[in-house]
Amino acid sequence: MLIWQRVQMAKDDDVRVPILDGSTAAASLALRPLSPLDRAAVQALCAASFPIEYPECWFDEVVSGSLTSLGLFDDKQLVAMIVSETKNISKCNLEDSDIISNQSALVVYILSLAVSNDYRRMGLATRLLNCLFESVVNQPPYPRAVFLHVLSTNLPAINFYRSNGFRWHASLLNYYRIGSGFGDGCTYVKYTNGQRPPLSISEVLRLVGVVVCFPLKTLCKLFSY
Ligand SMILES: CC(C)(COP(=O)(O)OP(=O)(O)OC[C@H]1O[C@@H](n2cnc3c(N)ncnc32)[C@H](O)[C@@H]1OP(=O)(O)O)[C@@H](O)C(=O)NCCC(=O)NCCS
């Protein structure tokens with residue numbers, strides 16, 4: 001994978017030439033929290049990465065310091081970012097409340113993850129996710145799950161999350177407003193710090209079956225002697 005740089009040629013043609021191989025460039029990027037000075041860069045990265053329009057107040061919140069917002073910078077240019085929030089599951093939206101049955105559990109919600117087009121498939125999103133795990137998820141008070149919403153047609157992102165151990169949890173019909181239409185969403189979850197996913201209906205039925213059948217089987221065996 002190569003990083004490309006736009007250079008001005010004699011005839012004013014805009015041509016792209018490779019300047020570094022991906023792994024060299026990825027290692028040399030600087031990681032730091034986003035600050036209010038990065039607001040315009042965050043807005044530009046989101047506009048280039050998502051079909052969804054975020055309200056202005058959302059960008060204020062991302063750079064305000066109230067969320068965990070990290071950026072990767074190539075020199076002074078923001079090339080990737082991850083934004084997350086740690087909260088009690090009871091404070092999450094209704095559609096997310098069944099992620100964990102213990103309603104006092106803490107969870108991490110990834111609000112946004114974006115990598116600039118020219119820097120994709122170089123491991124930058126993986127690096128940001130690893131950083132979130134090292135600095136938040138694997139630290140006290142040890143949140144029990146990390147989750148996010150993604151457009152159901154966004155296969156690169158779904159592949160990315162699946163390859164990092166996230167699993168489909170729910171489909172959300174017409175979850176996103178895209179221009180004048182709507183797009184379906186999905187919830188992906190990774191359980192952490194020993195937390196197990198809630199039992200599915202088939203698992204509950206199997207357990208009930210075992211609980212009911214075991215004494216019956218034992219009785220039948222007793223009477224058959
Ligand atoms: C999704 C996104 C964040 C991935 O960023 P990235 O830095 O390119 O991801 P990584 O290089 O860390 O990829 C790690 C793995 O994820 C998977 N993956 C990433 N991009 C993929 C793609 N376009 N197609 C298929 N798999 C992909 C691969 O398994 C990849 O490993 P590999 O490169 O060794 O095959 C990036 O494509 C992006 O910013 N997309 C637009 C914004 C977006 O959709 N964000 C997520 C919203 S929830």
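Which residues does Ile-82 touch, not counting residues up to four places away in sequence? Hold that thought while we look around the chain.

## The overall picture

What you have here is a predicted model. The chain has 225 residues, and 24% of them count as buried. Its secondary structure comes to six helices and nine strands.

Contacts often reach a long way along the sequence. Take those between residues at least 6 apart: 61% of them join residues at least 24 apart.

## Inside the core

Back to the opening question: Ile-82 touches Leu-70, Ile-110, Leu-113, Leu-128, Leu-129 and Leu-132. Ile-82 is also one of the residues with the most contacts inside the largest nonpolar core, alongside Ala-80, Met-81, Leu-124, Leu-128 and Phe-147. That core has 42 residues.

Who supplies them? Three helices give two or more residues each: H2 (39-49), H4 (124-137) and H5 (155-163). So do the strands S4 (68-74), S5 (77-88), S6 (106-115), S7 (145-151) and S9 (181-191). The top contributor is S6, with seven residues.

## Around the ligand

Now for the ligand, which has 20 residues around it. Coming nearest are Arg-120, Ala-125, Thr-126, Pro-156 and Asn-159. S6, H4, S7 and H5 each give two or more residues to this shell, and H5 gives the most, with five.

What is the shell made of, in terms of nonpolar, polar and charged residues? Twelve are nonpolar, six are polar and two are charged.

Technical notes. Residues numbered from 1 in each chain as written. Predicted model: local features only at pLDDT ≥ 70, side-chain atom pairs only at ≥ 80, totals over all residues. Core = buried A, V, L, I, M, F, W, Y, C linked by C-beta atoms within 7 Å. Buried ≥ 20, exposed ≤ 12 C-beta atoms within 10 Å, placed from the backbone. Helix = DSSP H or I, 4+ residues; strand = E, 2+ residues; numbered from the N terminus. Contact = placed C-beta atoms within 7 Å. Near = placed C-beta within 6 Å. Nonpolar A, V, L, I, M, F, W, Y, C, P; charged D, E, K, R; others polar.
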